[in-house]
Every structure is written in C-alpha cells, then in structure tokens.
Amino acid sequence: MGEAEALCEKRGLRLTEIRRAVLEIVWNRHAPVGAYDILDTLSNDRGRIAPPTVYRALDFLLGQGLIHRIESLNAYVGCPVPGEKHISQFLICRDCGSAAEVSDPAIDQAIDSVLAHLKFEAGRRTLEIEGLCGRCQRPHSEKAGGQ
C-alpha cells in the first residue's frame, strides 16, 4: 500500500479512502475479483455504497497501473509492479480461478513483430491464456490415471 501511496503522491494524485479500500480488497483476494464482489465487501464494511463509486475507484486504479482488468472474467487483479510500464500476459486457471501475471519481453516482441508485419496499430493489448495451474493439474491427472 505504501508503494501505491508513493506513486500517487509522485503523480500529484490522491489515494482516497475509497480508492485505498478497493485496492486493498483487490490485493487481498489473491485471485481475480469482480466489481460487484468488491461492492458487496465494501457495503458489508462501510454500509451502502453505490456501484458508480466502485467503478470510479477501479477506473482510477487501472489508470494508475495499480491493478489490471482480466477481460475474459470481467474481474480485477493487483499489479505486482505498479511503478513500471509493462505489458502483461495472464494465465488463468479454469478450476481454481487463480490468475498469474507474466510480463515476458519475448512475447511482447513477437506481438510487435506481427503488428508491424500486418501494419496493424494496436489499441489495447491483453493476452489471456486459460487452462489449469500446477495445483489443479494434479487432481485431473490423478482422475485420468485412475479411470
């Protein structure tokens, strides 16, 4: 949280109480969390909160690179390197719902090469790969082996 505060202060922005609360919820989940789950948690802690309040906080946190949006899940995860400009790839487990952020320059270079070859100007770049994480693969391989 200190890094988020320092980053906002450096940029001349305020990490308000509600923005901080939303950021804490996203970071404490350790898995992608949807806006309405955030809203429910905030409402349980602070009383009734309007959805636009949560969406404004999420927009601010996204804009500052403190969180990422997992498009396919319509959910949010904390960014492990908020002070660094980077393009991320996400590995999403279809069983447990975990999402691992990867920032691999080789993948970025491959995408840049394809974009240049096709003369395509990218707006947003989000790469999401759905599958099974290492923990969830074991039960599946055990089931397959036992059948």
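Among the contacts in the chain between residues at least 6 apart in sequence, 47% join residues at least 24 apart. Keep in mind throughout that this is a predicted model. With the whole chain selected, the secondary structure comes to 6 helices and 5 strands, and from the N terminus on the elements run α-α-α-α-β-β-β-β-α-β-α. The C-alpha atoms fill a box of roughly 50 × 45 × 25 Å along the principal axes, and of the 147 residues of the chain, 31% count as buried.

**Helix H1**

Select residues 2–10, which form helix H1, and colour Ala4, Leu7 and Cys8, the buried residues of this helix. If you look down the axis of H1, these buried residues fall within an arc of 95°, so they line one face of the helix. On the other side of H1 you will find Glu9 and Lys10, both exposed. To see what the buried residues of H1 pack against, add H2 and H4 to the selection. Before leaving this part of the chain, step on to Gly12, which follows H1 and has a positive phi, near 75°.

**Helices H2 and H4**

Now show H2, residues 17–29, together with H4, residues 51–63, whose axes come within 9 Å of each other and cross at roughly 75°. An angle between 65 and 115 degrees counts as roughly perpendicular, and H2 and H4 are therefore described in that way relative to each other. For the contact itself, display the side chains of Ile18, Arg19, Val22 and Leu23 in H2, which meet Thr53, Ala57, Leu58, Phe60 and Leu61 in H4. The residues of this contact divide into 7 nonpolar, 1 polar and 1 charged.

Moving from H2 towards H3, stop at His30, which is found in the loop between these two helices. His30 has a positive phi of about 60° although it is not a glycine, and at 70% relative accessibility it counts as exposed.

**Helix H3**

Helix H3 covers residues 35–46; with 12 residues, H3 reaches 16 Å from its first C-alpha to its last, close to the 16 Å expected at 1.5 Å a residue. Within H3, select Ala35, Ile38, Leu39 and Leu42, which are buried. Turn the view until you look down the axis of H3, where the buried residues fall within an arc of 100°, so they line one face of the helix. What covers these buried residues includes H2, H4 and S2, and these elements can be added to the view in turn. Just after H3 comes Gly47, which takes a positive phi of about 90°.

**From strand S1 to strand S3**

Go next to the loop between strand S1 (67–70) and strand S2 (75–78), which is the place of Asn74. Like His30, which has a positive phi of about 60° without being a glycine, Asn74 has a positive phi, of about 50°, although it is not a glycine. Asn74 counts as partly exposed, at 44% relative accessibility.

Then centre the view on Ile92 in strand S3, residues 89–93. Is Ile92 buried or exposed? Its relative accessible area is 6%, and Ile92 is buried. Leaving out residues up to four places away in sequence, Ile92 touches Ile70, Ser72, Leu73, Ser98, Ala99, Glu128, Ile129, Glu130 and Gly131. A distance label from Ile92 to Ala106 spans 20 Å, C-alpha to C-alpha, for two residues that are 14 apart in sequence.

**Helix H5 and the loop after it**

In helix H5, residues 105–117, select Asp108. This residue counts as buried, because its relative accessibility is 14% and the cut-off for buried is under 20%. Which residues is Asp108 in contact with, leaving aside its neighbours within four places in sequence? They are Ile87, Gln89 and Arg125, and showing their side chains together with that of Asp108 gives the full set.

The last stop is Gly123, in the loop between H5 and strand S5 (127–131). Gly123 is exposed, with a relative accessible area of 78%. To finish, draw a line from the C-alpha atom of Gly123 back to that of Val22, 101 residues away along the chain, and the two atoms will be found separated by 26 Å. Val22 is one of the residues in H2 that meet H4, which returns the view to the helices visited earlier.

Key: Residues are numbered from 1 along each chain as its sequence is written. This is a predicted model: local features need pLDDT of at least 70, side-chain atom pairs count only at pLDDT 80 or more; totals for chains, interfaces and linings use all residues. Side-chain values use heavy atoms; hydrogens and water are left out. Axes are lines fitted to C-alpha atoms, for helices over the stretch in contact, and angles run from 0 to 180 degrees between N-to-C directions. Helices (H or I, at least four residues) and strands (E, at least two) are DSSP runs, numbered from the N terminus. Angles under 35 degrees count as roughly parallel, over 145 as roughly antiparallel, 65 to 115 as roughly perpendicular and the rest as oblique. Contact means heavy atoms within 4.5 Å. Ala, Val, Leu, Ile, Met, Phe, Trp, Tyr, Cys and Pro count as nonpolar, Asp, Glu, Lys and Arg as charged, and the others, Gly among them, as polar. Buried means under 20% relative accessible area, exposed over 50%, partly exposed in between (1.4 Å probe, protein chains only). The expected span of a helix is 1.5 Å times one less than its number of residues. The arc is that of the directions from the helix axis to the C-beta atoms.
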